[in-house]
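Biologist: Please take one part of this structure and go through it closely. I would like to see how a single pair of residues fits into what surrounds it.

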There are 2 protein chains.
Amino acid sequence: MHKLPFAAAALLLSPPALADGLVDNVTGLTLNEKGEVVRFTGLLVTPEGKVARLMKAGEKRPDKLDWRADMKGRVLMPGMIDAHGHVTELGFRSIELDLSDTRTLAEAQAKITAYARANPDKRWIIGGGWNQEFWGLGRFPTAAELDAAIVDRPVWLARADGHAAWGNTAALREAGITSRTASPAGGRIEKGPGGQPAGVFVDAARDLVQRVIPAPLAKDRDAAILKAQDTLLSYGVTATSDMGTSLDEWLSYRRLGDLRLLRVRILSYAMGVDTAVQIGGSGPTPWLYNDRLRMGGVKLYADGALGSRGAWLKRPYADAPGQTGAGFMTDDVIRNLMVRASMDGYQVAVHAIGDRANAQVLDAIDEIGDTFKGDRRWRIEHAQIIDPVDLPRFGQHGVIASMQPTHETSDRVMAEARLGPDRLAGAYAWNAMLRNGSKLAFGSDYPVEKPDPWAGWAAAFTRQDENGQPFGGWRPEERVTREQAWWAFTGGAAYAGFAEDKFGRLAPGQHADFIIVDRDPLLASPTDLRATKVQETWIDGRKVYERK
Amino acid sequence: MHKLPFAAAALLLSPPALADGLVDNVTGLTLNEKGEVVRFTGLLVTPEGKVARLMKAGEKRPDKLDWRADMKGRVLMPGMIDAHGHVTELGFRSIELDLSDTRTLAEAQAKITAYARANPDKRWIIGGGWNQEFWGLGRFPTAAELDAAIVDRPVWLARADGHAAWGNTAALREAGITSRTASPAGGRIEKGPGGQPAGVFVDAARDLVQRVIPAPLAKDRDAAILKAQDTLLSYGVTATSDMGTSLDEWLSYRRLGDLRLLRVRILSYAMGVDTAVQIGGSGPTPWLYNDRLRMGGVKLYADGALGSRGAWLKRPYADAPGQTGAGFMTDDVIRNLMVRASMDGYQVAVHAIGDRANAQVLDAIDEIGDTFKGDRRWRIEHAQIIDPVDLPRFGQHGVIASMQPTHETSDRVMAEARLGPDRLAGAYAWNAMLRNGSKLAFGSDYPVEKPDPWAGWAAAFTRQDENGQPFGGWRPEERVTREQAWWAFTGGAAYAGFAEDKFGRLAPGQHADFIIVDRDPLLASPTDLRATKVQETWIDGRKVYERK
């Protein structure tokens with residue numbers, strides 16, 4: 001009787017027909033799906049912001065173009081992807097007191113006092129980034145040492161790894177912590193010589209204090225995410241996993257997306273199965289806001305971190321006899337959660353640092369992998385300390401090793417102390433993952449480390465830190481090639497998030513997410529690569545960042 | 001240096017240039033902004049689904065059309081808008097046990113037993129819709145009477161007004177209710193002669209049982225909303241307020257919107273200020289999904305309902321000496337909540353049934369109205385029993401009276417009993433609202449009443465029920481005209497939700513939301529108007545419902 005119009009709900013505007021745009025005169029570099037370098041001199045972009053074509057030198061440019069950007073020979077590459085970060089925490093870290101650049105306890109104390117004076121209206125002084133190893137302290141700091149910096153208001157400061165926190169006496173008092181307060185399961189209250197709480201709380205014990213800290217306001221959370229986004233774009237990061245999105249963080253992403261303020265693409269992993277189901281219902285969300293946001297899976301935690309001895313080891317810590325850390329979940333619980341998530345099609349990403357925790361996750365995948373076949377892409381986050389006997393199991397199950405190269409350079413001295421010399425064969429073992437048939441995705445674990453993919457890339461093929469230490473690289477057999485590392489920070493990270501058809505390289509049909517940098521990262525020395533400056537960042541063929 | 005492409009994030013597709021479509025050969029009726037009837041024979045629709053133009057008989061139709069629908073002379077009108085409903089509850093009501101058609105207690109008992117047999121896997125039997133007034137019972141039913149229908153599983157049945165619920169002994173046992181359980185503030189446990197709980201729980205007392213009922217799954221909530229949507233479309237309702245959206249309900253709306261399954265436009269009022277802020281952050285959400293969803297304000301409750309004597313009256317109930325009902329909030333609390341909402345730009349809609357509750361809300365608006373100037377559109381939901389001395393205050397403050405005509409026809413006998421003859425002057429006083437300069441928005445309060453705007457429209461200009469009772473209308477001076485009632489169910493309801501520039505009438509620039517009905521509602525007798533059948537419902541110029 002009648003024909004219905006084409007009326008997709010999202011189609012609000014009927015623009016005049018647009019031609020492609022051209023980013024021209026570039027030293028273009030990308031990897032293809034096989035991990036091979038592809039070079040080009042022009043990037044043709046569709047009106048919708050996707051790659052139409054890579055153009056070679058001398059190839060005739062289209063006559064009809066809607067716009068043209070002349071890059072004057074500069075290097076153009078795909079946007080970098082961080083496979084493991086914490087977006088909101090990164091934002092809050094840059095608003096809150098940041099101790100990550102302090103090199104002594106005294107320096108930290110001075111900075112805390114100054115921050116408190118500069119922020120007289122903050123009822124709690126909140127911050128983080130401290131690392132007693134960097135201070136050469138050889139032990140955790142104490143509440144008394146924090147009281148020396150500030151006594152009149154509660155102070156609560158997260159350790160750099162996010163697995164421990166340090167409070168002053170006012171904070172402990174508000175939380176009602178006394179010498180009779182017991183350490184909860186999965187956590188530990190550090191005790192002083194007389195049994196009194198010493199000031200540092202590890203893993204689950206942190207909740208004893210954190211529950212009394214006023215929650216941030218929704219608008220503060222929005223501001224933190226926008227701040228983090230600015231930081232990521234300045235490093236050339238155009239997409240990132242958010243590893244453990246809370247419901248409130250998800251609501252912030254929606255607000256920003258609704259207002260068209262989301263620029264970085266967020267691959268969200270919900271904090272636990274209940275949160276995933278509350279957000280997604282019976283499955284992952286679709287890609288939203290033109291592929292800027294998707295909640296595709298769940299983040300689970302099998303253990304804590306190595307620095308705070310929360311990582312779960314098969315044998316005791318070398319520097320803490322009798323301690324092996326502790327698993328966060330029983331075998332039954334982790335299986336049940338993985339099954340619940342998998343039944344509804346959620347991807348599962350499990351934090352596992354210690355060799356025992358990694359074995360527990362691999363055991364669970366062993367057991368349920370036959371039931372949940374197909375393209376599951378089980379992810380182990382960090383996969384930091386692996387018993388060599390477990391390495392082949394990564395490949396057998398197609399497990400993605402989501403690892404952070406700068407953790408190796410930051411941790412190696414601490415790791416040698418925690419593990420002793422005979423347990424390092426499977427430590428930060430990037431190359432072993434590839435040799436065993438696993439797929440690598442690289443990230444930074446920001447704000448634990450800086451969200452700097454250039455430092456990660458350089459570390460990955462050198463096993464040396466920013467000072468070139470140690471000479472020849474630490475356990476250099478675990479280096480990967482420069483190209484393998486680049487892939488893990490681009491196409492590999494996209495694959496780990498089921499996004500390889502959307503972004504991660506420059507090829508027809510992919511989003512035109514690219515960066516202009518001030519040097520050729522395939523030719524630069526490791527030191528020069530670390531110093532790479534991102535001059536422009538583009539997402540969907542549109543410039544979203546330019547270095548001032 | 002270079003020109004950036006036009007690249008709005010939502011612009012995913014570049015369709016070929018489209019021409020308008022035409023719905024032709026209609027008996028077209030709409031109201032204009034002044035509430036005057038406008039007639040037309042053709043509706044020209046833009047490719048984006050908006051009204052391009054109303055066309056008169058004999059006027060030349062455009063040569064180039066993308067599509068044309070011949071309605072063969074049938075009546076075309078703007079879609080109806082329900083200014084006050086509960087979308088998810090409507091959906092669950094149609095999945096759950098529905099007692100709204102039972103006319104005796106025995107009939108209800110038989111239906112409960114049959115439903116329980118038909119649903120052996122349901123651990124709880126959940127339902128509602130009962131009304132002891134319709135049963136001629138003259139008192140609440142008892143747990144023992146429900147045990148007679150089913151004893152082996154807990155049963156929990158909401159009263160038609162949603163302000164009371166009836167449980168059997170198994171339900172009370174699971175909730176741990178005993179004769180020692182005290183009525184909570186804002187609620188009442190009905191007691192038997194020996195002080196034992198009688199089976200019915202009023203207002204806040206319902207939570208004592210409800211907290212032990214397993215929560216619906218996210219996918220069940222999605223299914224309920226889709227079911228409600230189908231029901232609304234079949235009545236010709238193309239937009240509705242959702243009066244008290246929980247966070248989980250909001251997440252369901254987002255899931256359905258993301259999947260392009262939202263058709264009815266939802267004007268969401270968050271359940272309380274905390275929920276509004278959690279969803280919207282520092283203000284209402286934008287219009288989402290091409291104006292299908294917006295959270296623009298908060299729903300607050302000043303009191304309960306008249307039927308269960310939860311409405312807050314200035315003087316005691318005529319049929320319960322000494323009882324005046326109770327306010328849900330102190331004057332301070334209601335002001336604080338209204339201020340918190342208004343500071344962030346949320347619209348405030350307060351449920352107020354009794355004259356005391358209405359006066360409390362008007363007092364609050366009096367006090368804070370000077371601080372929060374501008375276009376606030378304070379809403380009072382129900383505005384059911386008004387002390388005549390308070391009526392002028394609606395107009396003084398530009399308060400919107402969001403009223404439900406079918407409540408009058410359902411309630412009048414009960415209202416006379418509750419209030420006695422001398423307190424009816426301001427009861428369901430629609431015309432008085434207009435006389436006093438208030439703006440009317442009409443709805444049904446579904447699922448308390450059927451989501452049937454045709455019954456509401458007929459009631460509004462007759463003050464008679466579906467049987468034509470009482471002859472001449474109940475307190476007929478409070479009738480409004482047929483056109484005034486129509487406006488309250490269309491443009492007035494849109495205005496009440498800050499949507500008058502988007503929908504509510506047929507005029508250039510408005511969404512092409514319209515219905516095809518089987519009679520002319522401006523000519524039909526009240527009885528015929530009630531029997532109106534909606535043959536087609538269109539939203540954004542696209543047919544979304546057709547009667548089989």
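Modeller: Start with one pair in this predicted model: A:Val298 stands opposite A:Val348, which belongs to strand 16 of chain A. The strands concerned are strand 15 of chain A, residues 293-301, and strand 16 of chain A, residues 347-352; five bridges join them, and they pair in the parallel sense.

Now step back to the sheet. Strands 15 and 16 are among eight strands of chain A that form an open sheet with parallel pairing, in the order 6-13-14-15-16-17-18-19. The edges are held by strand 6 (80-85) and strand 19 (439-442) of chain A; each has a single partner strand, so one side of each has no neighbour in the sheet. From one strand to the next, the twist averages 25 degrees.

A:Val298 also appears in the largest nonpolar core, which has 327 residues. A:Val298 is one of the residues that touch the most other members there, and A:Phe442 is another. Leaving aside neighbours within four places in sequence, the contacts of A:Phe442 include A:Ala83, A:Met403, A:Pro405, A:Ala460 and A:Phe489.

Last, the domains. The domain assignment gives chain A a domain 3 that covers 218-497, and a domain 2 that covers 124-211. The centres of these two domains of chain A, taken over C-alpha atoms, are 26 Å apart. Where they meet, ten residues of domain 2 of chain A are in contact with nine residues of domain 3 of chain A. The domain 2 side of this contact has three nonpolar, three polar and four charged residues.

How values were computed. Residues numbered from 1 in each chain as written. Chains lettered and ligands numbered in written order. Predicted model: local features only at pLDDT ≥ 70, side-chain atom pairs only at ≥ 80, totals over all residues. Domains from an automatic or database assignment. Contact = placed C-beta atoms within 7 Å. Nonpolar A, V, L, I, M, F, W, Y, C, P; charged D, E, K, R; others polar. Core = buried A, V, L, I, M, F, W, Y, C linked by C-beta atoms within 7 Å. Buried ≥ 20, exposed ≤ 12 C-beta atoms within 10 Å, placed from the backbone. Pairing = 2+ DSSP bridges. Helix = DSSP H or I, 4+ residues; strand = E, 2+ residues; numbered from the N terminus. Axes fitted to C-alpha atoms, helices over the stretch in contact; angles between N-to-C directions.
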